[in-house]
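This report describes one protein chain for a reader who is new to structures. Please keep the sequence and the 3D view at hand while reading.

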Amino acid sequence: GMVVYKRSWDGQKITSGSQISVWDPTVATLPDLSKMVTKTYVNEIDISNLKTDLNVNLTVDAFPDKTFTGKVVSVANVGEQLPNSDAKVFEVIVEINEKDTLLRPAMTTNNQILIEEIKDAIYIPQESVFITDSVSYVVVKSTMGLNRQKIELGKTNDNYVIVLKGLTEGEEI
């Protein structure tokens, strides 16, 4: 097992000679390592996309080559402002599916929450899309040179956008 010593109000571990408060007599806790969770914070802009039971892929900073899976078990109803940050965030708790002795309390994780999976879609980098007068287009390379081609856009993420109409698979942009 493992013993985790409580920290006092100033961040110091409780050691021999420390004073214990009558109001909070906890000296140490015994963490349950059989069911690990990770706490992450999601920006208020993205919180509307989250709900419980979404799948999560995560890594631990201490072991970046090892990947784990998890599931969102709770999404906070009330946002908060983290220290040294202007953004409002919501706490999200992810339960880790795997049991591994590498995982320890207070490790830092990187979490990728899978909001939606779209199969059989043509997608391109956002940088390749141009918009003029609310018309979206790409520059397509053909035997005649470079041509503008109007496209209809679908869903997007931080890097890519789905093309609903106007491109076929294999066209070079």
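N84 has a relative accessibility of 86%, so N84 counts as exposed, since exposed means over 50%. This value, like the others in this report, comes from a predicted model. N84 sits in the loop between β6 (80-81) and β7 (88-96). Its phi is near 60 degrees, which is a positive value in a residue other than glycine. Most residues other than glycine have a negative phi.

D120 can be described in the same terms. The loop between β8 (109-113) and β9 holds D120. D120 also has a positive phi, near 55 degrees, and is a residue other than glycine. With a relative accessibility of 85%, D120 counts as exposed, again because the cut-off for exposed is over 50%.

A third positive phi is found at D133, with a value near 50 degrees. D133 belongs to the hairpin of β10 and β11, which has two residues between the strands.

| Residue | Place | Phi |
|---|---|---|
| N84 | loop between β6 and β7 | near 60 degrees |
| D120 | loop between β8 and β9 | near 55 degrees |
| D133 | hairpin of β10 and β11 | near 50 degrees |

**The chain as a whole**

How many helices and strands are in the protein chain? There are zero helices and 14 strands. Read along the sequence, the pattern is therefore β-β-β-β-β-β-β-β-β-β-β-β-β-β. The radius of gyration of the protein chain is 24 Å, while the globule rule gives 16 Å for 173 residues. The radius of gyration is well over the rule value, so the protein chain is more spread out than a compact globule. The C-alpha trace spans about 85 × 35 × 25 Å along its principal axes.

Of the 173 residues, 20% count as buried. The protein chain exposes about 13100 Å², and carbon and sulfur atoms supply 50% of that area. Among the contacts with a separation of 6 or more, 55% are between residues 24 or more positions apart.

**The sheet of β10, β11 and β12**

Strands of a sheet pair through backbone hydrogen bonds, either parallel or antiparallel. One open sheet here has three strands in the order β10-β11-β12, and the pairing is antiparallel. β10 and β12 (145-150) stand at the edges and have a single partner strand each, so one side of each is left without a neighbour in the sheet. From one strand to the next, the twist averages 40 degrees.

β10 pairs with β11 (residues 135-142) over three bridges. Within this pairing, I131 stands opposite S136 of β11, and T132 has V135 of β11 as its bridge partner. On the other side of the sheet order, six bridges join β11 to β12, and these two strands run antiparallel. V139 has R148 in β12 as its bridge partner. A hairpin through two residues joins β11 to β12.

**The sheet of β9, β14 and β13**

A further open sheet has three strands in the order β9-β14-β13, with antiparallel pairing. Which strands are at the edges of this sheet? They are β9 and β13 (152-156), and each pairs on one side only. The twist in this sheet averages 40 degrees from one strand to the next.

β9 and β14 (residues 160-165) pair in the antiparallel sense over four bridges. In this pairing, I122 stands opposite V163 of β14.

**A buried loop residue**

Is S128 buried or exposed? S128 has a relative accessible area of 17%, so S128 is buried, as the cut-off for buried is under 20%. S128 is in the loop between β9 (122-125) and β10 (130-132). The two strands that flank this loop belong to the two sheets described above: β9 to the sheet β9-β14-β13, and β10 to the sheet β10-β11-β12.

The side chain of S128 reaches the backbone oxygen of P125 at 2.7 Å. Leaving aside neighbours within four places in sequence, S128 is in contact with Y137, V138 and I173.

N84 and D120 are loop residues that count as exposed, whereas S128 is a loop residue that is buried.

Methods:
Residues are numbered from 1 along each chain as its sequence is written. This is a predicted model: local features need pLDDT of at least 70, side-chain atom pairs count only at pLDDT 80 or more; totals for chains, interfaces and linings use all residues. Side-chain values use heavy atoms; hydrogens and water are left out. Buried means under 20% relative accessible area, exposed over 50%, partly exposed in between (1.4 Å probe, protein chains only). A polar contact is a pair of N or O atoms within 3.5 Å; within protein, one must be able to donate a hydrogen and the other to accept it, and residues adjacent in sequence count only if both atoms are side-chain atoms. Contact means heavy atoms within 4.5 Å. Two strands pair if DSSP finds at least two bridges between them. Axes are lines fitted to C-alpha atoms, for helices over the stretch in contact, and angles run from 0 to 180 degrees between N-to-C directions. The radius of gyration is taken over C-alpha atoms; the globule rule is 2.2 Å times the number of residues to the power 0.38. Accessible areas come from the Shrake-Rupley method with a 1.4 Å probe; for residues, only the protein chains shown count as cover.
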